[in-house]
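This report sets out selected structural features of a protein chain. It proceeds from overall composition to paired strands, salt bridges and internal cavities.

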Amino acid sequence: MATHLMYEWDPATGQTVGTEIPNGIFASVGNVETARPRTRLNAEDKEKVREFVMQATSHEELEEIEQLVSRLHQRDALPNRFSPPPVWAGAPVHELPTHAGGFAMHTQLPGPIDLTSTASAQSAPVAETLPPGARKLTQTGLQKVRRAIETASSLDELAKLDDALATGDTPLLQRELSLNAEDLDDESVDDEYDPFEDFTVQEEVVAPAIVEVPPASHASPSVPSAKRSLGGLLGDYHDEVDSDPEPDVPAMPAKRQKPSLAPGWAWLAYRTQRHEDFHLPTAGRTADVSVDAPNVVSLGVSFIYVGNAEQGFDARRVARVAAVSADGSPLLDLMVRSAAVLDARTHLTGLTRQAVEEAEFDLPAVQEKLLGLIGPQTLLLGYRLSSALEALGLSHSQLVDVSLLFGVESRRHQFHSVHYLAERVLGTGSGDKKAADALEVAQMVARLAQHEANQMTPTPPFPPRRGCGEELLVRHIPHAWRERVQEHLGEFCPGASLREVHWTLSETDPTDWRGEAVLAFDGEALRDRCFELLRSLVDIHVQWEDAPNAPPLGAFLTEQALLKAFSRFGVVLSARLPRKPTGEPQNFAFVSFLSSEDAEAVGRRVEVQLTPTWTLRLKTRMAKQAADKRVGVRADRDFMDWVHVLKP
């Protein structure tokens, strides 16, 4: 049998794949060999796609548009999808327009149907050529099946209808198409069958927005289905409801109306969840379906460092939670009580150890109050939102993360600070501000999201904030310098004045305090001269291959193991294992040698001991020279350390 090649977008691989389809399948829609060739979208079609993307109210709708455009076979597919269909009442079923995507059924429905005849609306002649499922339907029922075929948006929907027709599964057709008594042949109606007995209408878990669409200019037959087509979203199914329904026809359970939001919100949620650095928090408490919640809630969260040797350590313990509405009005602002506070990070949070230890509410109580504000359909806004929800012990699916909406130019896995976003995008605040007041952050996030939702296109990535040109930022300052930090920094940066120093407990070592300072110079030339004279450590780039469908090897590798493996070649001061924003380890690391001679002595292959019985072979090469520098310093008389110096 001759075959025809059908192209379809595969969401699993993100590619377009071809499938050989027997030509006989397309018998009911005409000769595929004479179909018009695929054409490019013209300007009008592109504008229609752009408008519908902006008005989409769920991830499913956006994905459906993407699939439709990918597999478009005819230029008139867009008018069929994005405009109300013509009036088909009175037209023979076999002359009705075919599905825009070119789909067809194995089974065939009858030819002309006289819709003007009352008798024909009640019963249909049973032809031997009809599939078993179609023989039990009246002509009005057959017409609904035909329209379901034409409006189907996927091969799965067509396959389900095909199976029901081929096997005579009338109950399935009743459930999927909401067939009434007038759609079924009297002899096939089961008096004891209730088409809604096991049918429960569930709310879709999508971004909480709907688009108000004016009624279609032409009335068209209603085609109830479990999944609305794109045409339905644009008014195809805005028919007038009969005010006097048949008394013996069971009524469809009413679906609770979703809250109405600006169309751009669903677009932001879609962009967030499609970002490569997004991960959905799944472990934790979820919102109660019964909560009468606002449409949009913006969160701001502050974190501190707590713990002890007996109970463990937590470098991201929630200390304050603030929530505001879409317009920035405060909804909640609570401190979270914690014991054993090691580092309140006052310069970042504005909190003190005493305030945290004396707070009124513990974390479970704050969870309860926050869950009282949000429902399953509430859209949560935030900055680095997934990690904040994980720290809160909450799980939610409707998320907009502003840190993922505004990219850093030419850099992956990096984010602008929320204060710099407010300065650059909104023209407010100070981009170099360090402290992140939770309530202030929640309000800035709401304004940033509202601004982006009103844009026709995404804001292009922009460069990170540039300093004044007369400063150096020094990080990883040894704690041993704390009493004389200005004196030590002045030794390798002569002529610089110390502006500020903040000490923070290392997230990887609860005993290691590290400082961060800003050095100011009298002019950019003096700053650059000092930076050039700093002798940088020499980095070796280390890489390994992760096996498919296996845990990443970086989860088993430690900095201590790298230091031990490479120290036999010379003095190693640092080993770093970068991680993605999702927390997943990368498949590479950096090892820093004090001298270039020692680094060049490293072979192309180095083995590192993960366990007493497990050795991992690593590929090595000289790393590219970075714009910043890690500089070896003497922390005290007997111990070498390093500091990180960069131009802000």
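What percentage of the 648 residues of the protein chain count as buried?

## Overall composition

In this predicted model, 43% of the 648 residues of the protein chain count as buried. The secondary structure of the chain consists of 21 helices and 18 strands.

Contacts across the sequence can also be summarised. Among contacts between residues at least 6 apart in sequence, 66% join residues at least 24 apart.

## An enclosed helix

Helix α10 spans residues 264-274, and nine of its eleven residues are buried, so the helix is largely enclosed by the rest of the structure. The buried residues of α10 are G264, W265, A266, W267, L268, A269, Y270, R271 and T272.

## Strand β11 and its partners

Strand β11 covers residues 513-520; because six of its eight residues are buried, this strand too is largely enclosed by the rest of the structure.

Two strands pair with β11. Strand β9 (residues 471-478) runs antiparallel to β11 and is joined to it by six bridges; within this pairing, P478 stands opposite R514. Strand β10 (residues 497-505) is likewise antiparallel to β11, with eight bridges between the two. On that side, H502 has E516 of β11 as its bridge partner.

## The β15–β16 hairpin

Further along the chain, strand β15 (residues 605-611) and strand β16 (residues 614-622) pair in the antiparallel sense, and six bridges connect them. The two strands form a hairpin, with two residues between them. One of the bridge pairs consists of V608 and its partner L616 in β16.

## Salt bridges around R320

The model contains 18 salt bridges. One of them joins the side chains of R320 and D333, with an N to O distance of 2.8 Å. R320 belongs to strand β4 (residues 312-325) and D333 to strand β5 (residues 330-335), so this pair ties together parts that are 13 residues apart in sequence. The two partners fall into separate accessibility classes: R320 is buried, with a relative accessible area of 11%, whereas D333, at 35% relative accessibility, counts as partly exposed.

R320 also meets D437 in a salt bridge, at 2.7 Å from N to O. D437 lies in the loop between α16 (418-426) and α17 (438-453), while R320 lies in strand β4, so the contact ties together parts that are 117 residues apart in sequence. D437 counts as partly exposed, at 27% relative accessibility.

## A salt-bridge network including K647

Where in the chain do the salt-bridge partners K647 and D528 lie? The side chains of these two residues meet at 3.2 Å, N to O. K647 is in the segment after β18 (639-646) and D528 is in helix α19 (residues 524-533), and the pair thereby links distant parts of the chain, 119 residues apart.

K647 counts as partly exposed, its relative accessibility being 38%. D528 has a relative accessibility of 19% and counts as buried, because the class takes in values under 20%. The pair belongs to a wider arrangement, in which salt bridges that share partners join E524, R527, D528 and K647 into one network.

## Internal cavities

How many cavities of 30 Å³ or more does the model contain? The count comes to three, and the largest cavity holds about 100 Å³ of space.

The lining of the largest cavity draws on several stretches of the sequence: D277, F278 and H279; R384, L385, S386 and S387; D401 and L404; F415; and P581 and T582. Helix α14 (residues 385-392) supplies the largest share of this lining, three residues. By class, the lining of the largest cavity comprises five nonpolar, four polar and three charged residues.

Methods:
Residues numbered from 1 in each chain as written. Predicted model: local features only at pLDDT ≥ 70, side-chain atom pairs only at ≥ 80, totals over all residues. Heavy atoms only, no water. 1 Å grid on protein atoms, 1.4 Å probe; cavity = no way out; pocket = protein on both sides within 12 Å on 5 of 7 lines; lining within 4 Å. Points joined across faces, edges and corners; volume = space filled by probe spheres on them. Helix = DSSP H or I, 4+ residues; strand = E, 2+ residues; numbered from the N terminus. Nonpolar A, V, L, I, M, F, W, Y, C, P; charged D, E, K, R; others polar. Buried < 20%, exposed > 50% of the residue type's maximum accessible area, 1.4 Å probe, protein only. Pairing = 2+ DSSP bridges. Salt bridge = Lys/Arg side-chain N within 4 Å of Asp/Glu carboxyl O. Contact = heavy atoms within 4.5 Å.
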